[in-house]
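Q: I should like to learn how to read the links between side chains in a protein structure. Could we go through them step by step?

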Amino acid sequence: MSDSTSDKLSFIDEEIARLKQEGLYINIRTIESPVGSWMVVDGKRVLNLCTNNYLGLADHPKLKEAAKKAIDEWGVGPAAVRSIAGTQRLHVELERRLAQFKGVEDALFVQSGFCANQAAIPALVGREDVIFSDRLNHASIIDGCRLSRAKIIVYEHCDPDDARRKIEENLPNYRRGLLITDGVFSMDGDIAPLDKLYEVAESYGVMTMVDDAHGEGVLGRGGRGIVDHFGLHGKFDVEIGTLSKAFGVVGGVIAGKKRIVDYLRQKARPFLFSSATTPADTAACLAAVDILESSTELVDRLWENTRYFKSEMQRLGFDTGQSQTPITPVMLGEAPLAKRFSERLFEEGVFAMALGYPTVPLGAARIRVMISASLTREDLDFGLEAFARVGKELGVIS
Ligand SMILES: *Cc1c(COP(=O)(O)O)cnc(C)c1O
């Protein structure tokens, strides 16, 4: 009896064993302090070079105060989906403010960036349509594409010419097309050539969508994102964003033309069938927009820290890859070396993640450093010294 029930699940043990054998098993660390420059991780106080807290807003007093006030005024949960009774004035206000911040006609606030892709893509394309998708697009884009049941055609990474060839060849066989790209690619920190992709898509009448999760609060004037960075206002049909990275809270946004956003209010399934974000989260997001609109100080400091860290790492002899953003890959080659490097950094008091295949290509394993505005010069120097020590010890630099 008990044998047959455990047998039914034996595939799980086999798969876990395979993950462990191939070095792909994820060791999940427990964080025991607020997100900040220094955190307590698995009981040890370490410098945090790991989170997407680009502007240091995750533990910001103004966001915390807004969240607490919202709980007192509104309670803790909406107890409904947005389309039934879950659209509170806070949501409406946040959508208005986000649209204003991004310079678009309208915006729809959903539960997460992941949800935003599930919400937008299947509403825009279906079985009879085709999606042109960058080879390195984020998992949530890939899943959103699959969910739509449209034909997915992958073009080479950041290659508008390949996108053009594939659109020309395939578009005539389908009802309509959608081109989708990440704005900033999270493994390399490179930026999609949005202007050229737009030109290509527009010349064939293909809809355009960009996921700006790592560009929001980072790129553009005062962190207004990748569309602002390229001056493409009013051109991209859909901009996906997240409020869980630079904004420091949680939530996703679909921004763009009013016609599209209104349509998504009728069609987007996570909006229709999953409960709204809580008052505390929504109010904290509003406070984040306030901060971004009131000053460029945090965004400026983020870039200042990024320039300093990257140039010092290069001076030490590290290869920091193709990054154009605060995402700083430290290229190491083989996965076991990257893993060892990350473990040694942790012992030296620095928390930075090792990434290996299949997250990044074979032979391109790396440590990924995430820079934040909250890091002081002293913090950055502490990190640089640890990298120098471990780099020499493991023969990565001389
Ligand atoms: C992080 C990320 C997401 C997911 O955003 P969440 O708000 O954390 O769900 C979606 N797309 C891209 C490109 C991302 O980097």
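A: Let us begin with disulfides. A disulfide is a covalent bond between the sulfur atoms of two cysteines. In coordinates, the term is applied to a pair of cysteine sulfur atoms within 2.5 Å. Please keep in mind that the model shown here is predicted.

Q: How many disulfides does a search of the whole structure find?

A: The search, which covers the whole structure, finds zero. Cys115 may serve as an example: the nearest cysteine sulfur belongs to Cys285 and is 14 Å away, and Cys115 is in no disulfide.

Q: Why is the sulfur of Cys158 not in a bond with that of Cys145?

A: The closest cysteine sulfur to that of Cys158 is the one in Cys145, and the two are 16 Å apart, so they are too far from each other for a bond.

Q: Is Cys115 buried or exposed?

A: Such a question is settled by relative accessible area, and a residue is called buried when this value is under 20%. Cys115 has a value of 18%, and therefore it counts as buried.

Q: How should a salt bridge be read, and how many does the structure hold?

A: One looks for a side-chain nitrogen of Lys or Arg within 4 Å of a carboxyl oxygen of Asp or Glu. The structure holds 33 salt bridges. One of them joins the side chains of Lys102 and Asp212, with 3.8 Å from N to O.

Q: Which parts does the pair of Lys102 and Asp212 tie together?

A: Lys102 belongs to helix α5 (residues 89-102), whereas Asp212 is in the loop between β7 (207-211) and α10 (226-230), so the pair connects parts that are 110 residues apart in sequence. Lys102 is buried, at 6% relative accessible area, and Asp212 is buried as well, at 0%.

Q: Where do Glu343 and Arg340 lie?

A: Both are in helix α15 (residues 335-347), three residues apart, which is about one turn of the helix. Their salt bridge has its closest N and O atoms 3.6 Å apart. Glu343 counts as partly exposed, at 36% relative accessibility, and Arg340 is likewise partly exposed, at 36%.

Q: Are Arg344 and Glu348 buried or partly exposed?

A: Arg344 counts as buried, with 10% relative accessibility, while Glu348 is partly exposed, with 22%. Their side chains meet in a salt bridge of 2.9 Å, N to O.

Q: Which residues do salt bridges that share partners join into one network?

A: Arg82, Glu95, Asp106, Lys258, Asp262 and Arg265 are joined in this way.

Notes:
Residues numbered from 1 in each chain as written. Predicted model: local features only at pLDDT ≥ 70, side-chain atom pairs only at ≥ 80, totals over all residues. Heavy atoms only, no water. Buried < 20%, exposed > 50% of the residue type's maximum accessible area, 1.4 Å probe, protein only. Helix = DSSP H or I, 4+ residues; strand = E, 2+ residues; numbered from the N terminus.
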